[in-house]
Amino acid sequence: ADGRRFVVTIDDLDRLQDDEVVAILQMVKTVDRLPNIIYILIYDQQIVGNALAKSARQGSAPNFIEKIVQQELELPQPGRARLLAMLD
């Protein structure tokens with residue numbers, strides 16, 4: 001190995017159909033032990049949790065997420081003034 005690291009970003013996970021959310025998370029869980037690869041998952045926790053809860057195969061959604069996600073970071077909703085400043 002040459003020591004290179006790879007970052008795989010999966011954005012808008014919460015915009016997928018429920019079965020697609022489950023499939024993507026199962027894939028990440030399956031390959032998450034590969035060396036030098038880091039996954040960044042960007043999603044609305046409630047929407048993805050609901051998708052997992054609907055899947056009988058996954059059991060408890062929080063438990064399934066805990067098996068995959070090592071560090072969870074919740075970003076605050078930006079204020080109106082900040083959003084308008086970003087658009088200027």
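**Entry 1: Asp 12**

I started with Asp 12, which I found in the loop between E1 and H1. This is a predicted model, so I read every value below as computed. How exposed is Asp 12? Its relative accessible area is 34%, so I noted Asp 12 as partly exposed.

The backbone caught my eye next. Asp 12 has a positive phi of about 60 degrees, and it is not a glycine. Most residues other than glycine have a negative phi, hence the mark in my margin.

I then looked for a charged partner. The side chain of Asp 12 meets that of Arg 15 in a salt bridge, at 3.7 Å from N to O. I noted Arg 15 as exposed because its relative accessible area is 68%.

One more distance went into the book. Asp 12 and Asp 44 are 32 residues apart in sequence, while their C-alpha atoms are 8.2 Å apart in space.

**Entry 2: Asp 14**

I stayed in this loop for Asp 14, which lies between strand E1 (6-10) and helix H1 (18-31). What does Asp 14 have in the way of a salt bridge? I found none, although Asp 14 is buried. The nearest side chain of opposite charge is Arg 15, at 4.7 Å. I checked that against the salt-bridge cut-off of 4 Å.

So what does the side chain of Asp 14 reach? I traced it to the backbone nitrogen of Asp 44, at 2.8 Å. Leaving aside neighbours within four places in sequence, I listed Tyr 43, Asp 44, Ile 47 and Val 48 as contacts of Asp 14.

**Entry 3: helix H2**

Asp 44 led me on to H2. At the start of this helix, a side-chain oxygen of Asp 44 comes to within 2.9 Å of the backbone nitrogen of Gln 46.

Which residues of H2 (residues 45-54) are buried? I wrote down Val 48, Ala 51 and Leu 52. Looking down the axis of H2, I saw that these buried residues fall within an arc of 95 degrees, so they line one face of the helix. The general rule is a handy companion here: an α-helix has 3.6 residues a turn, so residues three or four places apart point the same way. On the other side of H2, I found Gln 46, Ala 53 and Lys 54 exposed.

Val 48 deserved its own look. Setting aside neighbours within four places in sequence, I have Val 48 in contact with Leu 13, Asp 14, Val 21, Leu 25, Tyr 43 and Ile 65.

**Entry 4: the nonpolar core**

How many residues make up the largest nonpolar core? I read off 12, among them Ile 10, Leu 13, Phe 64 and Ile 68. Val 48, Ala 51 and Leu 52 also belong to this core. H1, H2 and helix H3 (61-68) each supply at least two of its residues. H1 gives the most, with 4 residues. As background, nonpolar side chains tend to be buried together in soluble globular proteins.

**Entry 5: salt bridges**

I searched the whole structure and found 3 salt bridges. The Asp 12 and Arg 15 pair is already noted above.

Another joins the side chains of Arg 4 and Asp 2, at 2.8 Å from N to O. Both Arg 4 and Asp 2 are exposed.

The side chains of Asp 18 and Lys 54 also meet in a salt bridge, at 3.2 Å from N to O. Asp 18 lies in helix H1 and Lys 54 in helix H2, so this pair ties together parts that are 36 residues apart in sequence. I checked the exposure of each partner: Asp 18 counts as partly exposed at 30% relative accessibility, and Lys 54 counts as exposed at 63%.

**Entry 6: the loop between H1 and E2**

My last stop was the loop between H1 and E2, where I found Asp 32. Asp 32 is buried yet has no salt bridge. The nearest side chain of opposite charge is Arg 33, at 4.1 Å. Apart from neighbours within four places in sequence, Asp 32 is in contact with Tyr 39 and Lys 67.

Asn 36 also sits in the loop between H1 and strand E2 (37-41). What sign does the phi of Asn 36 have? I read a positive value of about 65 degrees, although Asn 36 is not a glycine. I put Asn 36 down as partly exposed because its relative accessibility is 32%.

How values were computed. Residues are numbered from 1 along each chain as its sequence is written. This is a predicted model: local features need pLDDT of at least 70, side-chain atom pairs count only at pLDDT 80 or more; totals for chains, interfaces and linings use all residues. Side-chain values use heavy atoms; hydrogens and water are left out. Buried means under 20% relative accessible area, exposed over 50%, partly exposed in between (1.4 Å probe, protein chains only). The arc is that of the directions from the helix axis to the C-beta atoms. A polar contact is a pair of N or O atoms within 3.5 Å; within protein, one must be able to donate a hydrogen and the other to accept it, and residues adjacent in sequence count only if both atoms are side-chain atoms. Lys and Arg count as positive and Asp and Glu as negative; His and the chain ends are not counted. Contact means heavy atoms within 4.5 Å. A nonpolar core is a set of buried Ala, Val, Leu, Ile, Met, Phe, Trp, Tyr and Cys residues joined through side-chain atoms within 4.5 Å.
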